[in-house]
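Here's a quick walk through this fold, piece by piece. Keep the structure open and follow along.

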Amino acid sequence: MVSHAPCARYLWPMTQPALPIGVFITPVTPLQQNCTTVWCVKTMKAAVIDPGGSVDAILGELERRGLTLDQIWITHGHLDHAGGAAEMQEKSGVSITGPHPDDQFWIDGIPQQGQMYGLPEARSFKPDRWLADGDSVTLGETTWEVYHTPGHTPGHVIFFNRAARFAQVGDVLFQGSVGRTDFPRSDPEALIESVVTRLWPLGDDVTFVPGHGPVSTFGQERRTNPFVSDQALKGPPVQRSPSGPA
Ligand SMILES: [Zn+2]
Ligand SMILES: [Zn+2]
């Protein structure tokens, strides 16, 4: 018997019933990572993006919604995003897709990160499919574009559904901030490059779920984000402080 997720927050189709996808967010781990479940409304096949923990709660919520877990997708190899992937695969038998192979060292380090952050149950895993820039993944009757967005981690990827104007961007971009770049093999210049050349061209109207914190749109961030707004990028680079979980 799996438990329900009391904290799941529904984004769609509650507000936009015409869209081809549904989305709900379950904040997981003490780092409050936005584990995002997306599904094809025609087939009710679901993908869980970044199951960092609370695996039973997420599976319970899928069951309650009448969704069938079809795939696990990973944006990057950090503990709070990927620490529950092995357990979810074990309990469901579905495949794990992503991230890009440059995050192998982070995936290998998950058990060690788990010890450091008080999540001793977090485990490493082996992706069934690695992703590269320009790949696409299919979920039911929906297609998702994959972009390689290094900077926060070298193997970070994002998932984009063009029909729904929706993206899950992990720790690349947040409402009002960007991902930390003080980790081993982080690269602040690459992060900005990823935002400008991979995210912005998808369109100002795109709604995105970040790895942590509230949902926003690319247009809003281009207007107001102190690190990557159009205005901020005209001046010298603004470094964010390495505080917070992401
Ligand atoms: Zn991260
Ligand atoms: Zn994170």
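Start at the hairpin of E7 and E8: there are 2 residues between the strands, and Gly140 takes a positive phi near 55°. Keep in mind that this is a predicted model. The two strands pair in the antiparallel sense, over 4 bridges, and Thr138 has Thr143 in E8 as its bridge partner.

That hairpin belongs to an open sheet of 6 strands with mixed pairing, ordered E7-E8-E9-E10-E13-E14. Strand E7 (136–139) sits at one edge and strand E14 (216–217) at the other, each pairing on one side only. Going inward from the hairpin, strand E8 (residues 142–148) runs antiparallel to strand E9 (residues 157–161), and 4 bridges join them. One pair to look for here is Val146 with its bridge partner Phe159 in E9. As a general reminder, strands of a sheet pair through backbone hydrogen bonds, either parallel or antiparallel.

Now for the helices. Helix H6 (residues 188–199) has 12 residues and spans 16 Å from first C-alpha to last, close to the 16 Å expected at 1.5 Å a residue. Which of its residues are buried? In H6 they are Leu191, Ser194, Val195, Arg198 and Leu199. These cover an arc of only 110° around the axis, so they lie on the same side of H6. An α-helix has 3.6 residues a turn, so residues three or four places apart point the same way. The face turned away from the buried side of H6 carries the exposed residues Glu189 and Thr197. What does the buried side pack against? The buried residues of H6 pack against E8, strand E10 (166–170), strand E11 (173–174), strand E12 (177–178) and helix H7 (218–224).

Val228 ties into this neighbourhood too. Val228 is in the segment after H7, and it counts as buried because it has 24 C-beta neighbours inside 10 Å. Setting aside neighbours within four places in sequence, Val228 is in contact with Val178, Ile192, Val195, Glu221 and Leu233. Val228 and Leu191 are 37 residues apart along the chain, with their C-alpha atoms separated by 10.0 Å.

Helix H1 (residues 55–65) has its own buried set: Val55, Ile58, Leu59, Glu61 and Leu62. They cover an arc of only 155° around the axis, which puts them on the same side of H1. Their packing partners are strand E2 (21–28), strand E3 (33–40), strand E4 (45–49), strand E5 (68–73) and helix H3 (85–92).

Finally, some backbone oddities. Most residues other than glycine have a negative phi, and most peptide bonds are trans. Here are some positive phi values to check:

| Residue | Phi |
|---|---|
| Asp50 | near 60° |
| Ser54 | about 50° |
| Gly66 | about 75° |

Neither Asp50 nor Ser54 is a glycine. Asp50 is found in the loop between E4 and H1, and that loop is also the place of Ser54. Are these two buried or exposed? Asp50 counts as buried because it has 30 C-beta neighbours inside 10 Å; Ser54 is buried, with 22 other C-beta atoms within 10 Å. Gly66 comes just after H1.

The peptide bond to look at is the one joining Gly98 and Pro99: it is cis, with omega about 0°. Pro99 is found in the loop between strand E6 (95–97) and helix H4 (104–108).

Terms used: Residues are numbered from 1 along each chain as its sequence is written. Chains are lettered from A and ligands numbered from 1 in the order in which they are written. This is a predicted model: local features need pLDDT of at least 70, side-chain atom pairs count only at pLDDT 80 or more; totals for chains, interfaces and linings use all residues. Two strands pair if DSSP finds at least two bridges between them. The expected span of a helix is 1.5 Å times one less than its number of residues. A residue is buried if 20 or more other C-beta atoms lie within 10 Å of its own, exposed if 12 or fewer, and partly exposed in between; C-beta atoms are placed from the backbone. The arc is that of the directions from the helix axis to the C-beta atoms. Two residues are in contact if their C-beta atoms, placed from the backbone, lie within 7 Å.
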